[in-house]
Amino acid sequence: GRRLIEQSLVLCADHELNVSAFTVRCVASSGASLYAAVNAGLSALQGWRHGGIVERVDALLTASDERGVGPTVRDVMSQGQRLPGFGHVLYPRGDPRATALLASLEATLPRRPIVRLARSLLKHAETHLGERPTLDFALAVIARALDLPAGSGLTLFALGRTVGWVGHALEAYERGELIRPRARYTGPAVAQAA
C-alpha cells in the first residue's frame with residue numbers, strides 16, 4: 001500500500017488555484033503565519049464542495065455496499081443531487097488523477113471487495129450518467145482498500161495538499177503584496193438621491 005499512499009499524496013499536492021490554495025495565498029498575503037495560512041486551507045478543504053466530497057463518497061460506498069449500487073444511485077439522483085465523486089467540472093473526459101490512482105489500485109489490490117464495488121459504481125456512473133470518477137472517489141476507495149481508519153481519504157487529501165499550500169504561501173510571502181480582489185455591485189439599480 002505504500003506506493004498507493006505516496007502516489008495519492010503526490011497527486012493531491014497541487015491543483016491550480018482551487019478554493020483552498022487561493023485561501024492559503026490570500027491569508028499568507030496578509031502577512032499571517034504559515035501555520036495560519038495552512039489552517040485556512042484546511043478549513044476550506046473541509047467544505048462539502050471541496051475535500052468534504054471524500055466523506056460523501058464514503059457514505060455512497062457504504063450505502064452501495066449495503067443496498068446495492070443501482071438503488072443507491074437512484075436514491076441520490078432522485079433527491080436532485082449529483083453523484084459524489086463523479087463528474088469533475090474541469091475534466092469532462094475524466095479526472096486524470098483518479099484514472100492514475102484507480103489503475104494503480106487495480107494493479108495492487110484487484111481482489112479486494114471494495115475494488116469490486118468501486119468497479120460496479122464506475123460502470124454504473126459511466127453507463128447511466130455519462131460521469132467519470134474524480135480524485136475524491138479514488139481517495140475514498142484507496143483508504144478503504146488499505147483498511148485505513150474512517151476519514152482517511154480526506155486525511156490523504158489534506159496531507160498531500162498541505163505540501164502544495166506551503167509552496168503557495170511561500171510564493172505569496174515572496175511577492176509581498178496583499179491579495180485584494182475588487183467586487184462590483186450587480187444587483188438592482190439604486191435610485192439616485194435627489
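By the ring rule used here (centres of Phe, Tyr or Trp rings, the latter by its six-membered ring, within 6.5 Å), the count of aromatic pairs comes to one. That pair is F86 with F137, and it is tilted: the centres are 4.8 Å apart and the planes make an angle of 50°. For reference, planes under 30 degrees apart would count as stacked and over 60 as edge-to-face, with the rest called tilted. The pair links distant parts of the chain, since F86 sits in the loop between helix 5 and helix 6 (96-108) while F137 belongs to helix 8, 51 residues apart. Both rings belong to buried residues (under 20% relative accessible area with a 1.4 Å probe, protein chains only; exposed is over 50%, partly exposed in between): F86 has a relative accessible area of 4%, and F137 is at 0%.

A word on what you are looking at: this is a predicted model, in which local features need pLDDT of at least 70 and side-chain atom pairs pLDDT 80 or more, while totals for chains, interfaces and linings use all residues. Residues are numbered from 1 along each chain as its sequence is written, and side-chain values use heavy atoms, leaving out hydrogens and water.

Now step back to the whole chain. It has nine helices and zero strands, taken from DSSP runs (H or I of at least four residues for helices, E of at least two for strands) numbered from the N terminus. The C-alpha atoms fill a box of roughly 70 × 45 × 25 Å along the principal axes. Of the 194 residues, 42% are buried. Contacts (heavy atoms within 4.5 Å) tell their own story: among those between residues at least 6 apart in sequence, 78% join residues at least 24 apart.

Helix 4 is a good place to look next. Its 15 residues, 53-67, reach 21 Å from first C-alpha to last, close to the 21 Å expected at 1.5 Å a residue, where the expected span is 1.5 Å times one less than the number of residues. Its buried residues include I53, V57, D58 and L61. The buried residues of helix 4 pack against helix 5 (69-78), helix 7 (113-129), helix 8 (135-145) and helix 9 (152-175). Just after helix 4, G68 takes a positive phi of about 100°.

Finally, visit Q7 in helix 1 (residues 2-12). Where does Q7 make its contacts? Leaving aside residues up to four places away in sequence, Q7 touches A100, L101 and S104. Q7 counts as buried, with a relative accessible area of 19%.
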